[in-house]
Amino acid sequence: MKYMIMLTGSQRDFDMITGTGADGTVWTGEDLAALHEFMTKWNNELVESGEFVDGQGLAAPVHTRRVSLRDGVPVVTDGPYAETQEVLAGYTIVECASFDRATEIAAKLADTPHPSSAQLANEWYVDVRPIAGAPEFGD
């Protein structure tokens with residue numbers, strides 16, 4: 001079974017990581033190194049176990065374009081969007097034995113390092129969803 005583990009973030013989160021945050025919280029080189037080390041270890045464990053399928057981080061929400069339909073005509077709006085606090089920041093697709101195993105893999109992200117001074121805008125979470133087509137979940 002394949003599952004998608006979705007990490008969320010906000011423009012504020014991206015700004016903090018790049019040192020452009022308005023609240024003064026700045027990720028130091030050591031903070032970024034700890035984050036990269038953690039994520040590399042997490043990904044490598046999945047590769048070694050044979051459960052890793054794909055994973056990507058996404059660019060900051062400011063680089064988003066939303067395409068909607070208005071009166072039958074596509075309308076493009078550049079992001080970020082004030083009404084959307086959280087967006088998809090990245091994803092990992094795993095192939096493993098069960099939903100419980102996918103949840104266990106995602107739960108390891110609870111220890112993702114961040115600066116001690118960082119004030120999270122929202123409570124941390126990760127979504128885990130089966131990829132459509134799995135017999136026990138339907139399409």
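Leaving aside neighbours within four places in sequence, Glu51 is in contact with Leu46, Ile93, Val94, Glu95, Cys96, Arg101 and Ile105. The model is a predicted one. Glu51 sits in the loop that runs between helix 2 and strand 2 (52-57). Is Glu51 buried or exposed? Glu51 is buried, because its relative accessible area is 10%, and the cut-off for buried is under 20%.

Two polar partners stand out for the Glu51 side chain. One is the side chain of Ser49, in a polar contact at 2.7 Å. The other is Arg101, whose side chain meets that of Glu51 in a salt bridge (2.8 Å, N to O). This pair links distant parts of the chain. Glu51 is in the loop between helix 2 and strand 2, Arg101 is in helix 3, and the two are 50 residues apart. Arg101 counts as partly exposed, at 21% relative accessibility.

**Salt bridges**

How many salt bridges does the count come to? The count is five. Three of them are tabulated here.

| Pair | N to O distance | Location |
|---|---|---|
| Glu51 and Arg101 | 2.8 Å | Glu51 in the loop between helix 2 and strand 2, Arg101 in helix 3 |
| Asp78 and Arg65 | 3.0 Å | Asp78 in strand 4, Arg65 in strand 3 |
| Glu45 and Lys108 | 3.8 Å | Glu45 in helix 2, Lys108 in the loop between helix 3 and strand 6 |

Take Glu45 and Lys108. Their closest N and O atoms are 3.8 Å apart. The pair links distant parts of the chain, 63 residues apart. Glu45 counts as partly exposed, with 32% relative accessibility. Lys108 counts as partly exposed too, with 37%. Which residues are linked with Glu45 in a network of salt bridges? Lys41 and Lys108 are its partners in that network.

Asp78 and Arg65 meet through their side chains at 3.0 Å. Asp78 lies in strand 4 and Arg65 in strand 3, so this salt bridge ties together parts that are 13 residues apart in sequence. Arg65 counts as exposed, at 62% relative accessibility.

**The hairpin**

Strand 3 (residues 65-70) and strand 4 (residues 73-78) run antiparallel, joined by six bridges. Ser68 has Val75 in strand 4 as its bridge partner. The two strands form a hairpin, with two residues between them. In the turn, Asp71 has a positive phi of about 55 degrees. In a regular strand, side chains alternate between the two faces of the sheet.

**The nonpolar core**

The largest nonpolar core has 13 residues. Which of them touch the most other members? They are Ile5, Val94 and Ile105. Strand 1, helix 2, helix 3 and strand 6 (126-130) each supply at least two residues of this core.

Ile5 shows how wide the contact list runs. Neighbours within four places in sequence aside, Ile5 is in contact with Trp42, Gly90, Tyr91, Thr92, Val94, Ala102, Ile105, Ala106, Leu109, Val126, Asp127 and Val128. Val94 and Ile105 are in that list. Val94 and Ile105 are also among the contacts of Glu51.

**The aromatic pair**

The structure holds one aromatic pair. Tyr3 and Phe99 form it, and the pair is stacked: 5.4 Å centre to centre, with 15 degrees between the planes. Tyr3 lies in strand 1 (residues 2-9) and Phe99 in helix 3 (residues 99-107), so the pair ties together parts that are 96 residues apart in sequence. Tyr3 is buried, with a relative accessible area of 0%. Phe99 counts as partly exposed, at 30% relative accessibility.

**Helix 1 and the loop after it**

In helix 1, Gln11, Phe14 and Met16 are buried. What do the buried residues of helix 1 pack against? They pack against strand 5 (87-95). Just after helix 1, Gly19 takes a positive phi of about 80 degrees.

Thr28 has its place in the loop between helix 1 (11-18) and helix 2 (29-49). Thr28 counts as partly exposed, with 34% relative accessibility. Thr28 and Met16 are 12 residues apart in sequence, and their C-alpha atoms are 10.0 Å apart in space.

Technical notes
Residues are numbered from 1 along each chain as its sequence is written. This is a predicted model: local features need pLDDT of at least 70, side-chain atom pairs count only at pLDDT 80 or more; totals for chains, interfaces and linings use all residues. Side-chain values use heavy atoms; hydrogens and water are left out. Helices (H or I, at least four residues) and strands (E, at least two) are DSSP runs, numbered from the N terminus. Buried means under 20% relative accessible area, exposed over 50%, partly exposed in between (1.4 Å probe, protein chains only). A polar contact is a pair of N or O atoms within 3.5 Å; within protein, one must be able to donate a hydrogen and the other to accept it, and residues adjacent in sequence count only if both atoms are side-chain atoms. Contact means heavy atoms within 4.5 Å. Rings of Phe, Tyr and Trp (its six-membered ring) pair if their centres lie within 6.5 Å; planes under 30 degrees apart count as stacked, over 60 as edge-to-face and the rest as tilted. A nonpolar core is a set of buried Ala, Val, Leu, Ile, Met, Phe, Trp, Tyr and Cys residues joined through side-chain atoms within 4.5 Å. Two strands pair if DSSP finds at least two bridges between them. A salt bridge is a side-chain nitrogen of Lys or Arg within 4 Å of a carboxyl oxygen of Asp or Glu.
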